[in-house]
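Reader: I would like a close look at one part of this protein, its aromatic rings. Please give the detail in order, then place it in the wider chain.

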Amino acid sequence: MSFLRGRQTPKIRLPIGTRKGPLEVPLPTEKDWPKDDEEDHVLVGPDEELDSLPQPYRMINKLVDLLFDQAWEIIEERNVLREAENSQIQLTVYPPLGEIQLNKMPNCMAISQDYVFIGGAKGFSIYNLYNAKRIYAWEKLKVDVTSIWATDLGNEILIAPLDEMGIIRLFYFYKDGLYLVKVINEGDDTSKQTTCIKMEISQGGDFAAFLLQGAGDIWLDVYKLPKETWLKEVEHPQLTSNPKKKVRQLQLNNTLGPTSADHLEMDINVYFKGDIKLTLPVYTMKIKPPKPVTGTTFKSPLEVFAKIEDCYGLGSGQNHFIKDSQWERQAEIFNASYRKCLDGEWEEEPLSMATFYFLLPSCLFATPTEVKGPSGMACALGVHWSRSHNFLLYSLNRTLKDKADPEGVWPCAAPIVASQLSCSSSYLVLACEDGVLTLWDLAKGFPLGVAALPQGCFCQSIHFLKYFLVHKGQNMYPEGPVKSQMKCVVLCTDASLHLVEASGTQGPTVSVLVERPVKHLEKTICAVAPVPALPGMVLIFSKNGSVCLMDVAKPETICAFAPPRAFPPEAPWEPVFVVSRHHPCFLLRGDYSQDTESTDDAEIQYSVFYFNFEACRFLENLSKNCTIPQRDLGDMAFPQALTLEKRCEHFLQNSYRKLEKNLEKEQEHWTRLRRYSFLLQRENFKKEAATTLGAEKVSVTGQPLPGH
């Protein structure tokens, strides 16, 4: 018995001449034929027809074609990149001039005067900047030093190393002695131990501020440093030190690692004088983050104004007349409007962090006349906390008994995310989270302007450049003071780099130095550092481990720097470097990959490389001859740097010239008007004469003919 499996209709294949639409007569020439796909042609030979592949071979065929297409796109992209690289000028790569070999990984570095301070395992070491030889090693800790600060006080240096436990110490380095001043936050009870996050020392070393954290709270401690007393105590020590103790201390230091005879000869020049106790810093002020704005407790607006004394704290938002019910109503409206976005688990809000700077006397903040101190001593502390709109100003001329309220408040339209103070403490830049920069001239006491970064760019860090001019195609520092003119580079979160310029007579401008990388992410900028010894030059560190020197005036990359051996950086690369402010050089740590670190530590030699800009032939003359007298720049080089009397004189002269020009124009206008009136009267006279005497008896000039 047979069963029917279903009726199958055989596929009828149409003849070649009847497929794909009606038959058309081809045009006379092949050039006029439509350029369609081959399968759309009606006149195709039977031998050239291809049958479609069955599954799964048809899918495999498409995948293979897609693979070939993608491979071809990659090949074309690499060819374009190779052609672009060949067309570009190859950068000259300069090797380091020196190398400091270490047995342990250096975590941080700082430069002050002619010394290099390297923090690492169990302490820090002091090296000579010129010959890279170790002078002294203080290694008495059980943990590593993660950060180190060094401040130049003239003949002395203040050193502040921060270890892994968050404990910070203050050292005083003078001539051949290293003195421990104070352990700032070391306590006997480990459960109440506070950790230091960062610190700042004022210009001149009169004040120091430490950002501390502990027990779920964060605050800022401010100390006054008795540096004049320290100098007297180290020059005339009250206690006599034991020379045997010194030698034993040096022998312990020398056994830390293999050192040469030259190292030993340098080591005996510096002693750690722990038996000499210096005067402790004076605790001046404790600053806490502003309290969150809550409902008012005042019963009338008059109580709000009575709370504000001498306008202190005006603008901080703490003294208001908004009730709790109004805040709750506003919160309900917000939650109802954005319910979808607010659903889900929220992370705990981190503690508010602070960024702070010591400010010098200026038109905005002056030192009281009753306060005695050296000229140029810091008089105010500027602070802004994370997620806050306000930049707060605190006076330093107070005692611990005084209430730590801000004397001034600079509110911004959006929360401040980054800021930077210039090295001269004359300019301040505040960057908000909406990409707007506010530029302040602190010396004059007025804002230089407000600049907005390009759309989609948000500030990550700000770096001031010493003001320079382009004279005959070369970047030069003008000799003498420069007022109300500043330049800085801004690194954005998308790795783009921008140059911001501002002047007292013109508005700020923003120009792009480096675009955001789109295809080649390995060229993403991870750090930027200005080079004070070279006008208009910045160091750019990329994620692929390259270090380039850029001229921001052109802008173009000048050269590159690289260690002699290949050091594959970790991903992402966080370079450890330091640039000298007074010498044309910088130091860079040679980073190793994790594979290298997995080997035996005894065989690993960590290095810090010393690069000198004067080793570059075209940079040698620039670093030595980088200033130009103001007389060579012309009278209009710095119009805003003139005195008030000169500016008033120029203003009156310009006004007088404009008035003279206006008078000349007015006289010319009246002359034309009188001439037009005369011609009009003349025409009227001719018409009256023609009417009275007849047109044939009147001459062309309007005079009567002879005989009439």
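Author: What follows goes from the rings to the loops beside their strands, and then to a cavity and the whole chain.

This is a predicted model, in which local features need pLDDT of at least 70 and side-chain atom pairs count only at pLDDT 80 or more, while totals for chains, interfaces and linings use all residues. Residues are numbered from 1 along each chain as its sequence is written, and side-chain values use heavy atoms, with hydrogens and water left out.

A pair of aromatic rings is described by two values, the distance of the centres and the angle of the planes. Here rings of Phe, Tyr and Trp (its six-membered ring) pair if their centres lie within 6.5 Å; planes under 30 degrees apart are called stacked, over 60 edge-to-face, and the rest tilted. By that rule the structure holds 21 aromatic pairs. One of them joins Tyr94 and Phe561, a tilted pair with 6.3 Å centre to centre and 40 degrees between the planes. Tyr94 belongs to strand β1 (residues 93-94) and Phe561 to strand β33, so this pair ties together parts 467 residues apart in sequence. Strands (E, at least two residues) and helices (H or I, at least four) are DSSP runs, numbered from the N terminus. Both Tyr94 and Phe561 are buried, a word used for under 20% relative accessible area, with exposed for over 50% and partly exposed in between (1.4 Å probe, protein chains only).

A second example is the pair of Trp138 and Phe171, whose ring centres are 4.9 Å apart and whose planes stand at 70 degrees, so the pair is edge-to-face. Trp138 sits in strand β6 (residues 134-138) and Phe171 in strand β9, 33 residues apart, and the pair links these distant parts of the chain. Trp138 is buried at a relative accessible area of 5%, and Phe171 is buried at 0%. Tyr94 and Phe561 also belong to a cluster, linked by ring pairs, that includes Phe586, Phe611 and Phe613.

The loops beside these strands come next. Between β32 (547-551) and β33 (556-561) runs the loop that holds Pro555. A cis peptide bond joins Lys554 to Pro555, with omega of about -25 degrees. Strand β9 (169-174) is followed by a loop leading to β10 (177-183), and Lys175 is found there. Lys175 is not a glycine, yet has a positive phi of about 50 degrees; Lys175 is exposed, with a relative accessible area of 60%.

Next is a cavity. The structure holds two cavities of 30 Å³ or more. A cavity is a set of points, on a 1 Å grid over the protein atoms alone, where a 1.4 Å probe fits but cannot get out, and lining residues have an atom within 4 Å of a point. Volume is the space filled by probe spheres set on the points, which are joined across faces, edges and corners. The second largest cavity has a volume of about 40 Å³. Its lining is made of Ile100, Val116, Asn128, Leu129, Ala132, Leu587 and Tyr610.

For the whole protein, there are ten helices and 37 strands. Buried residues make up 38% of the 708 residues. Of the contacts (heavy atoms within 4.5 Å) with a separation of 6 or more, 53% are between residues 24 or more positions apart.

Terms used:
1 Å grid on protein atoms, 1.4 Å probe; cavity = no way out; pocket = protein on both sides within 12 Å on 5 of 7 lines; lining within 4 Å.
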